[in-house]
Amino acid sequence: MILIDTIVGSIDDHEWAERLSSADTDLLEIDQWEAQKSRFRKTTVKGVQVAISIDRGTHIRDGDVLLWDAHARSAIVARIELRDVMIVHLDELMRLAPKLAMRTCVELGHAMGNQHWPALVKDTVVYVPLTVDRKVMASVMNTHRFEGLRYEFVPGRDVIPYLAPHESRRLFGGAEGPVHSHTHESYAGIEPDGGHVHRHPPTRRDVGSGDPTQASPANGRSAHDHRE
């Protein structure tokens, strides 16, 4: 078993990204809750057992380099699985009478408060990280039958590009690592298959390109919308 007691770097750093581009990179896959712990044991993707024992108050973030062997040119990098996010779209409230729109917003806030759901409001979108099972959250939304509201569930990583760093920290507690927009040129990522570190985002269809299943979280045109 390998003891890891410090974080040595991050793939967001240009020097580390270059160094790891030709290295044998192993991934330590942990969830968002494990990332908040300073002590735990886990097995990497390649079967290496590690014991994490870092300073209390230090949180592992996505892309952190946990181990670097310069002689063997091998590394262990943290890969954090972020929880899904429920997105509530408020834009259709603009078409309702002001009093009805105001009442709906108050009722939504009251319902979320009763469930102790943390929420982030940005423009006409409310982001709610999943703190309970998705079916439970959907049941709450459906039970209240909020007029003029739409909601959907999306992976946490799909939400990050639309948030500022401080907003992302509110949803994910810093576990998401450095926040990048879609156009950030210094992007660094790890391919999940071979662990290869690359300097450019994987090729994918641009959001808003006309495919309704590839819509931005900000406009809510996903095929997975839940409508009343």
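## Around strand β11

Both faces of β11 are covered: Arg150, Glu152 and Val154 lie on one side, Tyr151 and Phe153 on the other, and all are buried. That makes β11 a good place to start a walk through this structure, which is a predicted model. In a regular strand the side chains alternate between the two faces of the sheet. With five of its five residues buried, β11 is largely enclosed by the rest of the structure.

Let us take the residues of the strand in turn. Arginine 150 belongs to β11, which spans residues 150-154. Is this arginine buried or exposed? Arginine 150 has a relative accessible area of 6%, and because buried means under 20%, arginine 150 counts as buried. Its side chain does have a polar partner: a polar contact of 2.7 Å joins it to the side chain of aspartate 91.

Now look for the aromatic pairs, of which the structure holds two. One of them brings together tryptophan 16 and tryptophan 68, whose ring centres are 5.9 Å apart; their planes stand at 90 degrees, so this pair is edge-to-face. Distant parts of the chain are linked here, since tryptophan 16 sits in helix α1 (residues 14-20) and tryptophan 68 in strand β6 (residues 64-69), 52 residues apart. Back in β11, the rings of tyrosine 151 and phenylalanine 153 also form a pair, with centres 5.9 Å apart and planes at 85 degrees, so it too is edge-to-face. Tyrosine 151 and phenylalanine 153 are both buried.

Tryptophan 16 deserves another look. With a relative accessible area of 11%, tryptophan 16 is buried. Over its ring sits the charged end of arginine 19, 4.2 Å from the ring centre.

Next, step back to the sheet that contains β11. Which strands form it, and in what order? Four strands make an open sheet, arranged β9-β10-β8-β11, with antiparallel pairing. At its edges are β9 (120-122) and β11, each of which pairs on one side only. From one strand to the next, the twist averages 20 degrees. Strands of a sheet pair through backbone hydrogen bonds, either parallel or antiparallel. The partner of β11 is strand β8 (residues 85-89), and the two pair in the antiparallel sense over five bridges. Two positions help you find the register: isoleucine 87 stands opposite glutamate 152 in β11, and valine 88 stands opposite tyrosine 151.

Helices cover this sheet as well. Helix α3 (residues 134-144) packs on the sheet, where it touches β8, β10 (125-129) and β11, and its direction makes about 175 degrees with that of β11. Helix α5 (residues 165-172) lies across β8, β9 and β10, running at about 150 degrees to β9.

A further open sheet has three strands in the order β1-β5-β4, and here the pairing is mixed. The edge positions belong to β1 (2-4) and β4 (39-43); each has a single partner strand, so one side of each is left without a neighbour in the sheet. Neighbouring strands in this sheet are turned by 20 degrees against each other on average, direction ignored. Between β1 and strand β5 (residues 49-53) there are three bridges, and these two strands run parallel. In that pairing, leucine 3 has alanine 51 in β5 as its bridge partner.

Strand β7 gives us another set of pairings to follow. Strand β3 (residues 24-31) and strand β7 (residues 74-81) run parallel and are joined by eight bridges. Aspartate 31 has glutamate 81 in β7 as its bridge partner. β7 also pairs with β6, this time in the antiparallel sense and over four bridges. Here aspartate 69 stands opposite serine 74 in β7. β6 and β7 form a hairpin with four residues between them, and arginine 73 in the turn has a positive phi of about 50 degrees. β6 is a strand we have already met, as the home of tryptophan 68.

Finally, consider the whole chain. It holds five helices and 13 strands. Of its 228 residues, 43% are buried. Among contacts in the chain with a separation of 6 or more, 63% come from residues 24 or more positions apart.

Methods:
Residues numbered from 1 in each chain as written. Predicted model: local features only at pLDDT ≥ 70, side-chain atom pairs only at ≥ 80, totals over all residues. Heavy atoms only, no water. Buried < 20%, exposed > 50% of the residue type's maximum accessible area, 1.4 Å probe, protein only. Polar contact = N/O pair within 3.5 Å; in protein donor to acceptor, adjacent residues only side chain to side chain. Phe/Tyr/Trp six-rings, centres within 6.5 Å; stacked < 30°, edge-to-face > 60°. Lys NZ or Arg CZ within 6 Å of the ring centre and 35° of its normal. Pairing = 2+ DSSP bridges. Axes fitted to C-alpha atoms, helices over the stretch in contact; angles between N-to-C directions. Contact = heavy atoms within 4.5 Å.
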